[in-house]
Amino acid sequence: MEKVSTVEGRAYPFGMKNVDTDIIIPAHFLKTVTREGLGKGAFEALRKDPSNVFDNPEYAGSPIIVAGDNFGCGSSREHAAWALLDMGLKAVIAPSFSDIFSGNAFKNGIVTVALPQEAIDRLMEVAETDPITIDLEAQTVTTPFQDRWTFEIDPFRKYCLTEGLDEVGLTLQSDDAIRSYEERQQSEQPWLARGTGLAA
Amino acid sequence: MSSTPRTLYEKIWDAHVIEQRDDGTCLVFIDRHLVHEVTSPQAFEALRMAGRKVRRPELTLAVPDHNLPTTPRVDAAGNRVPIEDAESRGQLEALERNAPEFGVQYFGATAAQQGIVHVVGPEQGFSLPGATIVCGDSHTACHGGIGALAFGIGTSEVEHVLATQTLQLRKSKTMEVRVEGDLGPGVTSKDLIMHIIGTIGTAGGTGHVIEYRGKVFEEMSVEGRLTVCNMSIEGGARAGLIAPDETTFRYVKGRPYAPKGEDWDKAVAYWKTLHTDPGAAFDKSVTINAADVEPTVTWGTSPEDTVAIGGIVPDPMSFADPSKQRAAQASLDYMGLAPGQRMDEVEVQNIFIGSCTNSRIEDLRAAAEVLKGRKIHPNIKWGIIVPGSGLVKMQAEAEGLDKIFIDAGLEWREPGCSACLGMNPDKVPAGERSASTSNRNFVGRQGPGARTHLVSPAMAAAAAVTGKLTDVRKLTNDAPALA
Ligand code: SF4
């Protein structure tokens, strides 16, 4: 996974509250076989409205969404995070998030930043015209107009995001231990280590 | 090693812990990974996106099962028949691409070894006693029947196992289901596990790994043990286990991926240590009296809704728990049944003999024994027999079982999951009933509006003959207890 230290750029001034995962990616996309391409299905229902923020060329390719509270509620589908990732998003700023969504977002390298509603209101204004900067190292959100807020993030998640470690990457930090387990199995229980015999 | 007496689960667990974290999470080595087409595409894609490989391709076995139609897969000219449904086809094609790309053994749609993952694993000797086995499918518990610690995982865990051959896990609690005495004539492993789930409830095993113990299991075939462990998940348990013994060793010996020669002797010596030590404590224990188990059927939409075939549909108000009362009422509304109705008068229109619970050769023999020389009842509009694998199919044909089924008026199909969950075209029509040897009678499981009654293969065959749920002992020489 890519290391994330800052996320900087324009933001979609979305603002909607209680955005559930069905709004982010409707159920009929769940049978697909790829994560890539899910961005096209993201916010499908809202995008039927021609004035929607996601298809406004002003914000095309923005790495940030500014949203209302309880973002990512509803079903636990990881597809929601995949869809946002596929849209090119790297961070969501909202007053609160569903736990499952922020877990799934984190697993996929998307930063979820919780800020008070007043900050969100201000960011909605700024986003109309100017970029926003999230500094993960300093745990701050800033604008070109001297606005500055600090946010909390679980130290473990911060570590994983800044080091670019997904769950697989984390486990592979124990690679030596896994390797010595494998070697022991190879010598003590070779029949288990052999499997189908189709070695890499 | 440690001298404290340990349960079978603890022995297998301890043998696979690579390291333990401060919060109690353990990094656990996975010996065998079974992969099918539904839960793997995004896992392989994630590897590709991250530039990762499958760490141990030889410990991974891929086979499609959920989506495959059970109608012929090659036409008269020998060409592959494409899958019509675009999404099903997409999943199959993804696995067909991913397996060779990542160097994983793959049994394709037309291979003799193809079948339901949980039939293929043991059949190939890929699933072995004492191994940790995972698959992106909740019925992975099935492989506990050969004494393996086997459980289902989700797509991100599939990716994790492919990339690292490990999982981050917390140790489960242990639960003993002890069965005392012997099963009566005509009572099968399926009746027993349905009776057990009816007794402990669908949450009875939550957070636990169940070990099934007692003479009944010692005397049971490996096929029967696989059936029992398969449904552990319906009792809420993460996994089910039966200690490996001579019966298991006989079953495993000589299978394609089973240990050979000197390895075999070493393996057996190790497997013989895999049993719960005298004095080892379980966190929870339930005792079942085998003599209480009758041929069993379900009346509702949860696998715990079981009743003996001689019984009646229960009154929802007879349950103590108000939420269970409401659930039972909703079940009866969906099932179109009324309290007090006799189970052996419930007419069925569809028969499904198959699924990872009951599609092995022994299951087909049991059904054939009942169907031999008989015809299906005019009530039956659709009845299919779906062998668990191409090899089971060949074996059944060598024994002439296919003829018995076809002569009786049933359809003999190609292997796969089929009407167990209706991801392929095999579905039970809305409002109609099926007597099904699968493991889940959930609302809509066999098709929207389908009404499922779970039964054993012999009971499904009996229902085919009479057109209603029937005590199979009335059709065989096994005198019913109270007939
Ligand atoms: S047969 Fe049914 S329960 Fe078994 S793996 Fe297939 S769909 Fe799942």
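This short talk walks through a predicted model of two protein chains and a ligand, from the domains to the places where the parts meet.

Let me start with the domains, since the rest of the talk refers back to them. Chain A is assigned domain 1, residues 6-153, and domain 2, residues 165-193, and the C-alpha centres of these two domains of chain A lie 37 Å apart. Chain B, for its part, is divided into domain 1 (8-169), domain 2, which is made of the two stretches 173-243 and 269-292, and domain 3 (298-482).

Now to the contact between the chains. How many residues does each chain bring to it? Chain B gives 48 residues and chain A gives 37 residues, and the area buried between chain B and chain A comes to about 3,600 Å², with carbon and sulfur atoms giving 54% of that area. If we then ask about single residues, Gln42(B), Arg55(B) and Glu58(B) supply 17% of the area that chain B buries against chain A, which is more than any other three residues supply.

Turning to the charged and polar pairs, there are six salt bridges between chain B and chain A. One that I would like to point out joins Glu182(A) to Arg55(B), with the closest N and O atoms 3.0 Å apart, and Arg55(B) is also among the three residues I have just named for their share of the buried area. Across the interface of chain B and chain A there are, in addition, 20 residue pairs in polar contact, counting pairs in which both residues have pLDDT 80 or more. On the side of chain B that touches chain A, helix α2 of chain B, residues 41-50, gives the most, with six residues, and by class this side has 23 nonpolar, twelve polar and 13 charged residues.

Let me move inside chain B, to the meeting of domain 1 and domain 3. The C-alpha centres of these two domains of chain B lie 28 Å apart, and 24 residues of domain 1 are in contact with 25 residues of domain 3. The area buried between these two domains of chain B is about 1,900 Å², of which carbon and sulfur atoms give 61%. Between domain 1 and domain 3 of chain B there are zero salt bridges, while 14 residue pairs are in polar contact, again with both residues at pLDDT 80 or more. On the side of domain 1 that touches domain 3, the elements of chain B that give two or more residues are α3 (86-101) and α4 (117-123), and α4(B) gives the most, with three residues. The residues of that side divide into eight nonpolar, 13 polar and three charged.

Finally, where does the ligand lie in relation to the domains of chain B? Both domain 1 and domain 3 of chain B give residues to the shell around the ligand, so the ligand lies between them. Among the surrounding residues are His66(B), His118(B), Asp137(B) and His139(B), together with Cys356(B), Cys417(B), Cys420(B) and Arg445(B). By class, the shell around the ligand has five nonpolar, five polar and two charged residues.

Terms used
Residues are numbered from 1 along each chain as its sequence is written. Chains are lettered from A and ligands numbered from 1 in the order in which they are written. This is a predicted model: local features need pLDDT of at least 70, side-chain atom pairs count only at pLDDT 80 or more; totals for chains, interfaces and linings use all residues. Side-chain values use heavy atoms; hydrogens and water are left out. Contact means heavy atoms within 4.5 Å. Buried area is the accessible area (1.4 Å probe) that two parts lose on being put together, summed over both. A salt bridge is a side-chain nitrogen of Lys or Arg within 4 Å of a carboxyl oxygen of Asp or Glu. A polar contact is a pair of N or O atoms within 3.5 Å; within protein, one must be able to donate a hydrogen and the other to accept it, and residues adjacent in sequence count only if both atoms are side-chain atoms. Helices (H or I, at least four residues) and strands (E, at least two) are DSSP runs, numbered from the N terminus. Ala, Val, Leu, Ile, Met, Phe, Trp, Tyr, Cys and Pro count as nonpolar, Asp, Glu, Lys and Arg as charged, and the others, Gly among them, as polar. A residue is near a molecule or strand if one of its heavy atoms lies within 4 Å of it. Domain bounds come from an automatic or database domain assignment.
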